[in-house]
Amino acid sequence: MSGTPPMYAAEDSAAGKGLRGWWATPARPGMQRLINPWEYRHLRAFGVTRIAGGFVAATAGVICLSYSVYGWAAFFLAVGVLNLAGGYWYITIARSAPPRA
């Protein structure tokens, strides 16, 4: 050996180093960066799950309304609406993605 340290190939892993690198994979534009990467890889499943959860929360809100518990009703209805909107957004992104090869 001549005294020079051996050269190693650059580490080219799919996920970057640390939390920032993990969050940046897979690459996605704009507001889609807010979506958890694991959820982004399974958008259609999480979209359907969010929509189902939104219906459950909205049902709980309607039940609370029938018992005149307005504070809880407002909470559950707000959670339901947000889940329905998020699920719709996820499914819209999944539909607009190019087909996989």
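Begin by selecting Asn-83 and, setting aside the neighbours within four places of Asn-83 in sequence, display what remains in contact with it: Arg-50, Ile-51, Gly-53 and Gly-54. Bear in mind throughout the tour that this is a predicted model. Asn-83 belongs to helix α4, which covers residues 70-96, and with a relative accessible area of 19% it is buried, because buried is taken to mean under 20%.

Next, extend the selection to the whole of helix α4. For its 27 residues, a rise of 1.5 Å a residue leads one to expect a span of 39 Å, and the end C-alpha atoms do lie 39 Å apart, so the expected and modelled spans agree. Within α4, colour the buried residues, which are Ala-73, Gly-80, Asn-83, Gly-86, Gly-87, Tyr-90, Ile-91, Ile-93 and Ala-94. While looking at their positions, it may help to recall that an α-helix has 3.6 residues a turn, so residues three or four places apart point the same way. Now show what covers these buried residues of α4: the cover includes α2 (37-41) and α3 (43-66).

From here, return to Arg-50, one of the residues in contact with Asn-83, and add Glu-39 to the view. The side chains of Arg-50 and Glu-39 meet in a salt bridge, with 3.6 Å from N to O. This pair links distant parts of the chain, since Arg-50 sits in helix α3 and Glu-39 in helix α2, 11 residues apart. Is each partner buried or partly exposed? Arg-50 is partly exposed, with a relative accessible area of 28%, whereas Glu-39, at 16% relative accessibility, counts as buried. The count of salt bridges in the model comes to 1.

Staying with helix α3, select Thr-59, which is found in that helix and, at 45% relative accessibility, counts as partly exposed. Then add Phe-76 and draw a distance between the C-alpha atoms: Thr-59 and Phe-76 are 17 residues apart in sequence, and 8.2 Å separates them in space.

Finally, turn on the molecular surface and select Ile-63, Tyr-67, Val-69, Trp-72 and Phe-75, which form a nonpolar patch there and together have about 570 Å² of accessible area. Of these, centre the view on Phe-75, a residue of helix α4, whose relative accessible area of 44% makes it partly exposed. The tour thus ends on the helix that also holds Asn-83, where it began.

Definitions and conventions. Residues numbered from 1 in each chain as written. Predicted model: local features only at pLDDT ≥ 70, side-chain atom pairs only at ≥ 80, totals over all residues. Heavy atoms only, no water. Helix = DSSP H or I, 4+ residues; strand = E, 2+ residues; numbered from the N terminus. Buried < 20%, exposed > 50% of the residue type's maximum accessible area, 1.4 Å probe, protein only. Contact = heavy atoms within 4.5 Å. Patch = residues over 30% accessible without salt bridge, like charges linked within 9 Å, V, L, I, M, F, W, Y side chains within 5 Å. Areas by Shrake-Rupley, 256 points an atom, 1.4 Å probe, with all protein chains shown as cover. Salt bridge = Lys/Arg side-chain N within 4 Å of Asp/Glu carboxyl O. Expected span 1.5 Å × (residues − 1).
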